[in-house]
Amino acid sequence: MLIGRVGCALFRLHNVSSFRQQIVSKSRISFRAGNSGILSEIKLNILSRFNNLSTRVVTRNAKEEAQDKGIGWWLLGCAGMVYGAVALGGVTRLTESGLSMVNWDLFRTMKPPFNQTEWEAEFARYKEFPEYKFKSTTEEMTLNQFKFIWTMEYLHRMWGRAIGLAFFIPAAYFASRGRFTMTAMKIRMFACGGLLLAQGGVGWWMVKSGLDPSLNSDTSVPRVSQYRLATHLTLAFVLYSLFLWNGLRQVLTTPITITSVPRIGKLKALTHTSKGFMFATAIMGAFVAGLDAGLVYNSWPKFANDWIPPNLLARAPKWKNFFENDVTVQFIHRNLAYLTLVSITLTWLCGRRMGLTKRARWALNASMGMVYVQAALGITTLLNYVPVWLAALHQSGSMALISFVLWLGTELKRIPK
Ligand code: HEM
């Protein structure tokens with residue numbers, strides 16, 4: 001993109017300078033003509049043409065830049081909406097609302113029940129499925145309680161549709177106007193559109209696993225498959241990162257004065273490593289959430305009396321323990337979190353004395369602060385047996401951490417090696 005922009009600028013400069021040459025040669029001809037009246041008229045003409053052209057070049061540049069920034073703000077808006085969807089999805093899951101809408105259709109399920117009869121019909125449909133059957137063994141659910149969980153899931157799904165509209169309508173407009181000038185940008189926008197559509201499908205695929213009576217009995221808490229939950233959350237993280245990263249790249253274009261910073265390559269490598277650990281921790285967090293593994297060991301720093309809990313590899317085949325054994329999954333999430341913490345701390349220690357840009361320093365400090373807040377939130381969530389509000393904060397915290405580290409990456413990318 002940068003190369004493309006430089007290319008465009010050079011092309012325009014070339015046009016301007018060849019026009020300047022024409023001016024010079026025309027002036028010479030006029031001078032030779034020796035007629036001062038005609039000469040000054042030609043000079044005026046030429047000057048005004050030259051001025052017009054330069055003004056056009058400048059205004060076109062400014063216009064293009066403003067258009068690029070417009071696209072950037074739109075992508076950041078989409079990222080914000082995905083952030084909202086993840087937060088809402090977390091609360092939906094934590095309030096056990098996710099299995100209340102038992103059918104899926106892109107358009108028809110947009111209409112909520114309007115009257116008592118329609119609500120009762122919706123409730124009757126829900127009663128056919130394992131979650132209601134399990135819950136009603138201990139306490140009868142009221143229609144009002146059902147309305148609450150249904151509304152939570154409905155809002156989450158409608159929010160997903162709103163993201164679709166907020167992305168596809170402007171994307172079609174920008175594409176029709178040829179605003180995605182770079183091939184890479186076009187590919188990225190296709191990827192975002194594809195992921196957005198896939199996310200809707202994956203969401204329903206996940207919910208279906210919680211509704212399936214062959215996978216859930218009436219005697220234990222019906223759960224969606226942890227694999228599908230992790231896929232849904234991972235896709236959301238990828239989509240969020242794509243929107244955020246592309247948006248930031250379009251918006252943060254103010255030229256920087258720094259030409260090179262010693263050891264910047266090392267700082268960039270550390271930031272990449274931190275990103276890797278952070279994403280791995282977050283994905284493993286989705287497995288903790290999917291298996292309710294936050295309720296197996298509610299002590300910290302030890303697992304009850306042990307540093308390494310027993311039965312980490314109790315299941316056969318062994319690989320299944322990494323995704324299906326709640327103890328192992330919690331153990332891995334905790335330890336990946338420590339690695340993320342160490343990696344971001346090292347990044348901060350490496351970058352804090354470097355002559356970075358002001359914004360890069362802010363991003364570095366924000367990442368450092370956020371990783372400690374996030375770890376503290378995780379520990380508090382665990383010690384308090386996963387209350388909804390703390391778990392929701394911990395989940396939103398992971399998105400905030402991703403944002404700061406991606407922002408840091410974008411700022412560092414602008415500093416040459
Ligand atoms: C870099 C640090 C961390 C990151 C990025 C992170 C990220 C995540 C994510 C994305 C989830 C899934 C949330 C959901 O889907 O609802 C999660 C769940 C969880 N994490 Fe962490 N985490 C971190 C540190 C920790 C630590 C240090 C602990 C405790 C020692 C912890 C305990 C938990 C627990 C108990 C859950 C399950 C909450 C639930 O059931 O909703 N996390 N984490």
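How many nonpolar, polar and charged residues are in the shell around the ligand? I started there. The model is predicted, and I kept that in mind throughout. By class, I counted 16 nonpolar, 12 polar and 1 charged residues in the shell.

**Ligand shell**

I listed the residues that surround the ligand and got 29. The closest are Gly285, Gly294, Ala337, Gly378 and Ala391. Next I asked which helices each supply at least two residues of this shell. I found helix H2 (36-94), helix H8 (264-290), helix H10 (326-351), helix H11 (358-383) and helix H12 (388-413). I then looked up the shell by domain. Domain 1 (67-253) and domain 2 (256-417) each give at least three residues to the shell.

**Overall fold**

I counted the elements. The chain has 12 helices and 0 strands. Read from the N terminus, the order is α-α-α-α-α-α-α-α-α-α-α-α. I checked burial over the 417 residues of the chain, and 29% are buried. I also checked contact range. Of the contacts with a separation of 6 or more, 79% are between residues 24 or more positions apart.

**Two domains**

The chain is divided into domain 1 (67-253) and domain 2 (256-417). I took the centres over C-alpha atoms, and they are 25 Å apart. I then looked at the contacts between the domains. On one side are 23 residues of domain 1, and they are in contact with 20 residues of domain 2. Which elements give two or more residues to the side of domain 1 that touches domain 2? I found H2 and helix H7 (226-251). H7 gives the most, with 13 residues. I sorted this side of domain 1 by class and got 16 nonpolar, 5 polar and 2 charged residues.

**Transmembrane annotation**

I turned to the UniProt record. The entry is unreviewed, and it places "transmembrane region" at residues 71-91, 158-175, 187-207, 227-245, 276-297, 331-350, 362-383 and 389-409. I checked two of these ranges against the model. Residues 227-245 are 100% helix and 0% strand. The end C-alpha atoms of that range are 26 Å apart. Residues 389-409 are also 100% helix and 0% strand. There the end C-alpha atoms are 30 Å apart.

**Helix H6**

I wanted to test the length of helix H6 (residues 183-211). What span should its 29 residues have at 1.5 Å a residue? The expected span is 42 Å, and the end C-alpha atoms are 42 Å apart, so the two agree. I then listed the buried residues of H6. They are Cys192, Leu196, Gln199, Gly203, Met206, Val207, Gly210 and Leu211. I recalled a rule for this kind of list: an α-helix has 3.6 residues a turn, so residues three or four places apart point the same way. What do the buried residues of H6 pack against? I found helix H4 (130-135), helix H5 (143-176) and H7 as their partners.

**The loop between H8 and H9**

I looked for unusual backbone geometry here. Tryptophan 300 and proline 301 are joined by a cis peptide bond, with omega about 5 degrees. Proline 301 is in the loop between H8 and helix H9 (321-324). I found another cis bond from alanine 316 to proline 317, with omega near -10 degrees. Proline 317 is in the loop between H8 and H9.

I went on to phi. Aspartate 292 is not a glycine, yet its phi is positive, about 50 degrees. Its place is in the loop between H8 and H9. Asparagine 311 also has a positive phi, near 65 degrees, in a residue other than glycine. Asparagine 311 is in the loop between H8 and H9.

Is aspartate 292 partly exposed or buried? I counted 13 C-beta neighbours inside 10 Å, so aspartate 292 is partly exposed. Asparagine 311 has 10 other C-beta atoms within 10 Å, so asparagine 311 counts as exposed; the cut-off for exposed is 12 or fewer.

**Alanine 366**

My last entry is on helix H11, where alanine 366 is found. I counted 17 C-beta neighbours inside 10 Å, so alanine 366 is partly exposed. I then looked up its distance to phenylalanine 404. The two are 38 residues apart in sequence. In space, alanine 366 and phenylalanine 404 are 6.2 Å apart, C-alpha to C-alpha.

Conventions: Residues are numbered from 1 along each chain as its sequence is written. This is a predicted model: local features need pLDDT of at least 70, side-chain atom pairs count only at pLDDT 80 or more; totals for chains, interfaces and linings use all residues. A residue is near a molecule or strand if its C-beta atom, placed from the backbone, lies within 6 Å of it. Helices (H or I, at least four residues) and strands (E, at least two) are DSSP runs, numbered from the N terminus. Ala, Val, Leu, Ile, Met, Phe, Trp, Tyr, Cys and Pro count as nonpolar, Asp, Glu, Lys and Arg as charged, and the others, Gly among them, as polar. Domain bounds come from an automatic or database domain assignment. Two residues are in contact if their C-beta atoms, placed from the backbone, lie within 7 Å. UniProt positions are given in the numbering used here, feature names are shortened, and annotations may be inferred rather than shown by experiment. A residue is buried if 20 or more other C-beta atoms lie within 10 Å of its own, exposed if 12 or fewer, and partly exposed in between; C-beta atoms are placed from the backbone. The expected span of a helix is 1.5 Å times one less than its number of residues.
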